[in-house]
Amino acid sequence: MHRRQFILQGSMAALATGLDLSAVALNSQGRIFTVNGPIEPSQMGMTLVHEHVMVDFAGANVSTGKAYNPDEVFDIALPYLNEIKNAGCKTFIDCTPSLLGRDVRILQRLSNATGLNIITNTGFYGAASEKFLPDSIKKMTAKEVAAAWIKESQSGIDGTNIRPGFMKLGLDGLPFTESIEKIINAAAFTYKATGLTIGIHTGKGGEPALKELEILEKNGVPPKKWIWIHAQNETDLTYHIQLAKRGAWISFDGISSKNVDEYITRLKKMKSENLLHRVLVSQDAGWYNVGQEKGGKFRNYMDFFTHFLPALRKDGFTDLDIKTLTERNPAEAFRVS
Ligand SMILES: [Zn+2]
């Protein structure tokens, strides 16, 4: 659908429901960076914002010597991606960070084979007790860490010309260690140099999320450039409401056929607060698990289409609400100005 048509339809539906227009119109400025280069935000379409093609849990400082066969990973992931393409998905955001199994060449092959836009990331994952942070980080300054991420953003990842579309960081909870403070500060430096949005996997709830945003804002990052990843780990929605009101992105990204009702309850609350335009939804599904026979058990990406979207409709979410959650919000959140 053309952007103008999208805005027009959004506007008409917004008038009909009395919604604030600014909450639904798609901003046409900026670019989305996919593994095949930049696209217009309006080209993103239906987007899964947090999924994985491959994960390698060996740890950052263990040499796995590429303990996987890229052709095998490609062959195994391909049908799952074709399945969502056929269900109407246009863009797939791969949240596997560097040192945890990110392989941008495989992502590019899958994008070419399926026609899906695929987006990858830069950054470091400090959750899981920092097992995926390189030892070298202890001797680096935040600016030096940022320099490596900025280089990926400007010149490409792992010797390719594939650029990241956002930053993915990870942390467990409070108190933040020196290394965690360092990667958050590095993300702020990188944002100022590149405009990339910062997604932070937050293992333990609302308090660390508040602290993340406090550090980022102190360093010049506006809330709208920060995504609270795994916000479902916090059950007290007062955190989500206050952070969304400040302009942050709230990512409820563990949807499966088994927990759809919990997600609908959260989304109803966010909708009642007029905050649906700050919410992202996805499944954290997949993936080829390096080290397991044929990648182990791959969780497909279809529950979103077979269970979640029908449940939204059944529970009174309008077409405009669904478009806001699955198209407009991802385009806004990942837009690089
Ligand atoms: Zn994930």
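**Exercise 1.** In which loop is aspartate 158 found? Classify its exposure and its phi in this predicted model.

*Solution.*
- Step 1: Aspartate 158 is in the loop between α4 (142-155) and β8.
- Step 2: Its relative accessibility is 44%. Partly exposed covers the range between under 20% and over 50%, so aspartate 158 counts as partly exposed.
- Step 3: Phi of aspartate 158 is near 50°, a positive value in a residue other than glycine.
- Step 4: Most residues other than glycine have a negative phi.

**Exercise 2.** Do the same for lysine 294: where is it found, and is it buried or exposed?

*Solution.*
- Step 1: Lysine 294 is in the loop between β13 and α9.
- Step 2: Its phi is positive, about 55°, and it is not a glycine.
- Step 3: Its relative accessibility is 51%. Exposed means over 50%, so lysine 294 counts as exposed.

**Exercise 3.** Locate serine 98 and describe its surroundings.

*Solution.*
- Step 1: Serine 98 lies in the loop between β5 (91-94) and α3 (104-114).
- Step 2: Its relative accessible area is 10%. Buried means under 20%, so serine 98 is buried.
- Step 3: Beyond neighbours within four places in sequence, it contacts Asn121, Gly123 and Phe124.
- Step 4: Its side chain reaches the backbone oxygen of glycine 123 at 3.0 Å.

**Exercise 4.** How do the axes of α9 (residues 303-314) and α10 (residues 319-333) cross?

*Solution.*
- Step 1: The axes come within 10 Å and cross at roughly 135°.
- Step 2: Over 145 degrees would count as roughly antiparallel, 65 to 115 as roughly perpendicular. The helices are therefore oblique to each other.
- Step 3: The crossing of α9 past α10 is right-handed.

Definitions and conventions: Residues are numbered from 1 along each chain as its sequence is written. This is a predicted model: local features need pLDDT of at least 70, side-chain atom pairs count only at pLDDT 80 or more; totals for chains, interfaces and linings use all residues. Side-chain values use heavy atoms; hydrogens and water are left out. Axes are lines fitted to C-alpha atoms, for helices over the stretch in contact, and angles run from 0 to 180 degrees between N-to-C directions. Helices (H or I, at least four residues) and strands (E, at least two) are DSSP runs, numbered from the N terminus. Angles under 35 degrees count as roughly parallel, over 145 as roughly antiparallel, 65 to 115 as roughly perpendicular and the rest as oblique. A crossing is left-handed if the near helix is turned anticlockwise from the far one by less than a right angle, and right-handed if clockwise. Buried means under 20% relative accessible area, exposed over 50%, partly exposed in between (1.4 Å probe, protein chains only). A polar contact is a pair of N or O atoms within 3.5 Å; within protein, one must be able to donate a hydrogen and the other to accept it, and residues adjacent in sequence count only if both atoms are side-chain atoms. Contact means heavy atoms within 4.5 Å.
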